[in-house]
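Biologist: Please take a close look at one part of this model. What pairs with it, and what else should I look at afterwards?

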Amino acid sequence: MSEELATDQVETETVYAVVEEPVNDEELPEQEESKASEQDSEDDEEDSEDPLDAEGDIAADYLEELLDIADLDGDIDTYTEGGRAHVSIVTDTETLVGKDGEVLDALQELARLAVMTETGHRSRLMLDIAGHRDRRRKELQVLAHDAIAEVKTSGEAQRLAPMNPFERKIVHDAVAEAGLVSESEGVEPKRRVVVLPAE
């Protein structure tokens, strides 16, 4: 009889040992909270990146792949200026510039599409290759100043050759600085700047 009681007591103690074994439920919420905190931190870092810097990086990656496919050499620089992302391909060849910058303009549109595909937002990114846009900017500023001088002398409007939007803006800015007014007329790709005399 005492042996049966002893056996029952052992079994009971074993059952109690299993049932009463503590489970630390507090560890799970802490682990979940820690993981959530780490994720939030990563998300904050991504959100804190300047959108224009991100545009430049996306475009640079896209253009680098194109250079590799075309087997062309070139270093890619990115920066932001005037509320736009700028990407510049430094190279000795003007193969990617094309006649009157036509290839350059096409590549710029492709780079903008790559950015929009990635971000979901339309991009105003500017692309320059082999310093073409910088040289063209200086040429257009000279052209604009010549047109401004002619308008002031003759008192008649001056119509310039057709230009793309980038080029027209340079002329409009130069005319505004000179205290005159300009407007664009025509339809792409024949749209041009007209410098008007002061009223």
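The reply below starts with confidence, then turns to one strand, a cavity and one residue.

Modeller: This is a predicted model, in which local features need pLDDT of at least 70 and side-chain atom pairs count only at pLDDT 80 or more, while totals for chains, interfaces and linings use all residues. Numbering runs from 1 along each chain as its sequence is written, and side-chain values use heavy atoms, without hydrogens or water.

Confidence comes before detail. The protein chain averages a pLDDT (predictor's confidence per residue, 0 to 100) of 83. A score of at least 70 is reached by 76% of the residues. Residues 1–28 have pLDDT below 50. That stretch has zero contacts (heavy atoms within 4.5 Å) beyond near neighbours in sequence. Where pLDDT is low, predicted coordinates should not be read in detail.

Now the strand. β2 covers residues 84–90; strands are DSSP E runs of at least two residues, helices H or I runs of at least four, numbered from the N terminus. Six of the seven residues in β2 are buried (under 20% relative accessible area, 1.4 Å probe, protein chains only), so the strand is mostly covered.

β2 has a partner in β1, residues 75–81. The two run antiparallel, joined by seven bridges; pairing takes at least two DSSP bridges. Asp75 is bridged to Val90 of β2. Two residues lie between the strands of this hairpin, and Gly82 has a positive phi near 60° there.

β3, residues 126–129, also joins β2. Here the strands run parallel, with four bridges. Val87 has Leu127 of β3 as its bridge partner. Helix α4, residues 102–119, completes a β-α-β unit with β2 and β3. The unit is right-handed: with strands pointing away from the viewer, the path over the helix runs clockwise.

Next, the cavities. The structure holds two of 30 Å³ or more. The largest has a volume of about 50 Å³. A cavity is a set of 1 Å grid points where a 1.4 Å probe fits but cannot get out; lining residues have an atom within 4 Å of a point. Volume is the space filled by probe spheres on the points. Among the residues lining the largest cavity are Asp100, Asp105, His132, Arg136, Asn164 and Glu167. Helices α5 (132–154) and α6 (165–177) each give two or more residues to this lining. The largest share, three residues, comes from α5.

Finally, Arg168, which sits in helix α6. Arg168 counts as buried because its relative accessibility is 8%. Beyond neighbours within four places in sequence, Arg168 contacts Met163, Ser184, Glu188, Arg191, Arg192 and Val193.

Methods: Buried means under 20% relative accessible area, exposed over 50%, partly exposed in between (1.4 Å probe, protein chains only). On a 1 Å grid over the protein atoms alone, a cavity is a set of points where a 1.4 Å probe fits but cannot get out, and a pocket is an open set with protein on both sides within 12 Å along at least five of seven lines; lining residues have an atom within 4 Å of a point.
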